[in-house]
Amino acid sequence: MSGAGNSPRDGLQDPERVSGDKATHIKRRERHGQRTLKKLFKWLDTRLPIMNTWKRYASDYYVPNNLNLYYCLGAIALVVLFNQLLSGIWLTMFYTPTIAGAFDSIEIIMREVHFGWLFRYLHSTGASAFFIVLYLHLFRGLLYGSYQKPREFVWILGMLLLMLILAEAFFGYLLPWGQMSYWGAQVMTSLLGVIPYVGDTLVAWVRGDYGVGQTTLQRFFALHVIAIPLLILLFVWLHIVALHHVGSNNPEGIDIYRIRDKKGRPLDGMPFYPVYFIKDFLAVLLFLTLFCVVVFFYPDAGGLFLEPNNFIPANRLLTPDHISPAWYMTPFYAMLRAIPHKTGGVLVMCSAVLLLFLVPWLDKSPVRSMRYKGMYSKFALAGLVGSFFILGYFGLTEMTSWRQWGARFCTLVYFGYFLFMPIYTRVERCARVPDRIPV
Amino acid sequence: MADYTSIDLVDQPATPPSSSLEIHRNRLLLNGVRVLGGVGALCALTPFIASWNPTDATKKTGGPVQVDLSQMQPGQKMTVEWRGKPIWIIRRTPAMLAQLEQDEQLLRDPESREQQQPQAAQNHFRSIKPEYLVLVGLCTHLGCSPVYKPNGEAIPGRFFCPCHGSQFDMAGRVYKHVPAPTNLEVPPYRFIQEHVIEIGAI
């Protein structure tokens, strides 16, 4: 009975009500209901740009017709964000942000709360999934030159989002108040101590105490559940608005918005809805399948997603024999460890992230996509990815002499990608880019 | 009289200002508002930032701690808590003290020139009484708690930081070529009796 009750005066005004012919009666009522719905929608649409937004972002938003699976990662990241918000809100209902109660409240969530284990595993697996998706998303940008003009600001907003999500992960990591939580926060807040003159004051300011304690836990909780998520939502919105303003790149790196038909539609593009909408939807389903396999069968991922040491309550007097941050931070952590100098190590680690912001201006290549770039760019990107993986491995394992030298070499390769980019992108031979996307 | 408020608020004034003096005055007032507004906004941040500083109650919990050392055996290590940090007290054996001179060329600051200890402990042993070593048990690199290895296995150091591999000798002095920049910190302490120390007071 669609729309039958849309207007409270529906029944009273319908003349067919007394006629007795039931089939016509229902049909008329339905038509009437639909008309009322349409009127309501029109009323709303003149006051809120619904159709306009739908056209702008879906039905009239032209995307290149050669997008591959890499282009579904944005939609998947949105789904993961939604998962984090939903499971996070439910965890907040049962979690206690005190140093006496935090660890136990997690155990209660795991053992007593109905489906508590599910919320926790969704949230912890979601954190790791977020970084897998985002690192791939970022790699896509580097591979196809998506950061190049005119998408520099889309890139900057994306990098700011990565920083925010790293911060969000860091603040959240303290909350279970296990050994890794405590010593991770101890090390990370100590990083501020390298700033000359104000360093020690700054460390005490961030912790609110002589060491990481109740005050620290409570403010990290506030930042993790309110401040940073709000900022993330704001920046996601800006990221998407900026992208739709300049249009999507594609694996060929060819600007499809240059060549249009008489009606102004890009010849090599198609509206986002319905084809890519459905493609994204399928990719999301595929992702959720894999995600659920991890959530239900391998939630600790062999100690990668949930570390064994974090099942021991925090002890301020004893560092575990082997500590490492969550896997998504280990490449940067390995760089910190590889440099035998306090300030130097912190500087190298920070610039490893910050250099990514500069990529749009470091790349001097006349072409966007790796498909048309020369050999140097390909080797440099392979080096970046390889060193990122190896550093990630070194950061997880105990330090030995040869690993330290390996980490130093990988750090050089990682930085080489950025620092020599203005040179190798200028001197290499690129292939000629066609005007239209090749079929 | 022209309505100047409308000139300030919209890009195109309803009535153009008649003289350059008026334009100049408008610009001056507008800039004044911008600067004062900016300063005001920054000042309004004060309570939000200041609230993060440790409270007076927190600072009071950082008072001195008394520790009785009379029960300690030679070579024994004991850990107490002061200001949420582990404080190590080690009763060093004569052999340990003699060992201090062996590795000095491998150390970054063997003379303890860096201000990582109170004056009374700025000596060869980095302690007030050579026998008793008192240290803040946190690595000077990034604040992990190093592991005590009195019998030193494969490494020269007697304290090994599991986080980033820094090493220190039996006086908490840092080795070269490790990430930790300085020797382990000696907290302020004093002997109030023959075998009782007070940590956190000089």
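# Questions on a predicted two-chain model

Student: Which domains does the domain assignment of chain A give?

Tutor: This is a predicted model, in which local features need pLDDT of at least 70 and side-chain atom pairs count only at pLDDT 80 or more, while totals for chains, interfaces and linings use all residues. Residues are numbered from 1 along each chain as its sequence is written, chains are lettered from A and ligands numbered from 1 in the order in which they are written. The bounds of a domain come from an automatic or database domain assignment. For chain A that assignment gives domain 1 (10-48), domain 2 (68-323) and domain 3 (329-439).

Student: What distance separates the centres of domain 1 and domain 3 of chain A?

Tutor: Each centre is taken over C-alpha atoms. Between domain 1 and domain 3 of chain A, the separation of the centres is 63 Å.

Student: Where does Pro150(A) lie, given the cis peptide bond before it?

Tutor: The bond from Lys149(A) to Pro150(A) is cis, with omega near 5°. Helices and strands are DSSP runs numbered from the N terminus, a helix being H or I over at least four residues and a strand E over at least two. By that assignment, Pro150(A) belongs to the loop between helix 6 (116-144) and helix 7 (152-174) of chain A.

Student: In which element is the place of Pro274(A)?

Tutor: A cis peptide bond, with omega near 5°, also runs from Tyr273(A) to Pro274(A). Pro274(A) has its place in helix 11 (residues 272-297) of chain A.

Student: In what order do the elements of chain B run from the N terminus on?

Tutor: Chain B has 5 helices and 9 strands. From the N terminus on, they run α-α-α-α-β-β-β-α-β-β-β-β-β-β.

Student: Which strands are the edge strands of the sheet with the order 1-9-8 in chain B?

Tutor: Two strands pair if DSSP finds at least two bridges between them. In this open sheet of 3 strands the pairing is antiparallel; strand 1 and strand 9 (residues 196-199) of chain B pair over 4 bridges, and Asp68(B) stands opposite Val196(B). Those that pair on one side only are strand 1 (65-68) and strand 8 (189-191) of chain B.

Student: Why is one side of strand 5 and of strand 7 of chain B left without a neighbour in the sheet?

Tutor: These strands belong to an open antiparallel sheet of chain B in the order 5-6-7. Strand 5 pairs with strand 6 (residues 159-160) over 2 bridges, and Tyr148(B) stands opposite Phe159(B) in strand 6. One side of strand 5 (147-148) and of strand 7 has no neighbour because each stands at an edge with a single partner strand.

Student: Is Arg126(B) buried or exposed?

Tutor: Arg126(B) lies in the loop between helix 5 (94-99) and strand 4 (132-136) of chain B, and has a positive phi of about 55° although it is not a glycine. A residue counts as buried if 20 or more other C-beta atoms, placed from the backbone, lie within 10 Å of its own, as exposed if 12 or fewer do, and as partly exposed in between. Because Arg126(B) has 23 other C-beta atoms within 10 Å, it is buried.

Student: Is His177(B) buried or exposed?

Tutor: His177(B), in the loop between strand 7 (167-168) and strand 8 of chain B, has a positive phi of about 60° although it is not a glycine. Because it has 11 other C-beta atoms within 10 Å, His177(B) is exposed.

Student: Which elements give two or more residues to the side of chain B that touches chain A?

Tutor: Residues are in contact if their C-beta atoms, placed from the backbone, lie within 7 Å, and 26 residues of chain B are in contact with 27 residues of chain A. The elements in question are strand 2 (77-82) and strand 3 (85-91) of chain B.

Student: Which element gives the most to the largest nonpolar core?

Tutor: A nonpolar core is a set of buried Ala, Val, Leu, Ile, Met, Phe, Trp, Tyr and Cys residues joined through C-beta atoms within 7 Å. The largest has 101 residues, and those with the most contacts inside it are Val133(A), Met335(A), Val134(B) and Cys144(B). With 8 residues, the element that gives the most is helix 6 of chain A.

Notes. Two residues are in contact if their C-beta atoms, placed from the backbone, lie within 7 Å.
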